[in-house]
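User: Please take a close look at the sheet in this model. I would like its strand order, its edges, and what packs against it, with the rest of the chain as context.

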Amino acid sequence: QVLELPTIRTEAISHNPDLKAAMDSFGKQGAEAWLVFTSPVGVQVFFEQLEELEMDLRSLWTGKAEMKLAVIGSATKRKLRQYGLSADLMPETYDAKSLGEQLAQTATPGSEITIVRAAAGSEELIPPLCAVGLNVKDVPLYHTEYEIHEQIREQIAAALLQGEVDAVTFTS
């Protein structure tokens with residue numbers, strides 16, 4: 001028997017003034033402007049929030065900087081492709097530290113880096129970028145809330161105690 005239970009819920013930050021400000025200034029300083037996505041949910045929420053803010057994606061290309069896109073991994077890359085965009089950078093190891101390190105090595109000095117992600121994103125992404133003097137904006141798009149399934153909590157506990165569970169898998 002397979003039981004699937006969502007354990008987290010994504011809550012978008014509505015009427016996001018931080019995103020509006022970041023997008024209004026995107027690409028207006030430096031030779032490169034990187035937009036960084038750390039999850040497929042982040043890609044989806046980003047485009048939903050652009051629509052909510054009545055911003056057109058073309059407005060991001062009005063600055064003098066060359067726009068580049070970075071993603072944390074293959075699932076995020078696939079989600080970005082659904083919006084007709086291709087990633088310029090994706091680390092071989094799909095984690096925040098690797099993304100930060102590779103982006104720090106790849107970005108032109110003085111580049112503008114705008115990270116759009118969860119409010120409680122990994123702290124390992126930003127230090128490599130700051131260490132090489134890149135201009136970093138960390139823009140929260142959503143909060144991740146834990147889901148508690150009280151209605152079946154006792155059933156799960158009993159199954160665990162009785163040895164009925166062979167494996168538990170957590171995915172993100």
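Analyst: The sheet comes before its packing, followed by the loops, the surface and the chain as a whole.

The model is predicted. The sheet is open and has five strands, arranged in the order E1-E5-E4-E2-E3 with mixed pairing. Strand E1, residues 8–12, and strand E3, residues 66–71, are the edge strands; each has a single partner strand, so one side of each has no neighbour in the sheet. On average, neighbouring strands are turned by 25° against each other, with direction ignored.

The two edges can be taken in turn. At one of them, E1 pairs with strand E5, residues 135–146, in the antiparallel sense, and five bridges make up this pairing. Within it, Glu11 is placed opposite His143 of E5. At the other edge, E3 runs parallel to E2, and the two are joined by six bridges. Here Ala33 is the residue opposite Met67 of E3. Although E3 stands at an edge of the sheet, five of its six residues are buried, so E3 is largely enclosed by the rest of the structure. The cut-off behind that statement is a relative accessible area under 20%.

Two helices that lie on the sheet follow. Helix H1, residues 17–25, lies across strand E2 (32–37), strand E4 (112–118) and E5. The direction of H1 is at about 150° to that of E5. Helix H4, residues 96–106, also packs on the sheet and touches E2, E3 and E4. The angle between the directions of H4 and E2 is about 170°. E2 and E4 are thus among the strands listed for H1 and also among those touched by H4.

Two loop residues have backbone angles to note. His15 sits in the loop between E1 and H1, that is, between an edge strand and a helix lying across the sheet. The phi angle of His15 is near 50°, a positive value in a residue that is not glycine. With a relative accessibility of 61%, His15 counts as exposed. The second residue, Glu54, is in the loop that runs between helix H2 (40–52) and E3. Phi of Glu54 is near 55°, again positive in a residue other than glycine. Glu54 has a relative accessibility of 74% and therefore counts as exposed.

Away from these loops, Leu160, Val165 and Val168 make a nonpolar surface patch of about 240 Å². Of these residues, Leu160 belongs to helix H6, residues 150–161. Its relative accessibility of 49% places Leu160 in the partly exposed class, because exposed requires over 50%.

For the chain as a whole, the secondary structure amounts to six helices and five strands. Read from the N terminus, the elements follow the order β-α-β-α-β-α-α-β-α-β-α. The C-alpha trace spans about 65 × 35 × 25 Å along its principal axes. The chain has 172 residues, of which 38% count as buried. Of the contacts between residues at least 6 apart in sequence, 71% join residues at least 24 apart. About 10,400 Å² of the chain is exposed, and carbon and sulfur atoms supply 49% of that area.

Terms used: Residues numbered from 1 in each chain as written. Predicted model: local features only at pLDDT ≥ 70, side-chain atom pairs only at ≥ 80, totals over all residues. Heavy atoms only, no water. Pairing = 2+ DSSP bridges. Helix = DSSP H or I, 4+ residues; strand = E, 2+ residues; numbered from the N terminus. Axes fitted to C-alpha atoms, helices over the stretch in contact; angles between N-to-C directions. Contact = heavy atoms within 4.5 Å. Patch = residues over 30% accessible without salt bridge, like charges linked within 9 Å, V, L, I, M, F, W, Y side chains within 5 Å. Areas by Shrake-Rupley, 256 points an atom, 1.4 Å probe, with all protein chains shown as cover. Salt bridge = Lys/Arg side-chain N within 4 Å of Asp/Glu carboxyl O. Buried < 20%, exposed > 50% of the residue type's maximum accessible area, 1.4 Å probe, protein only.
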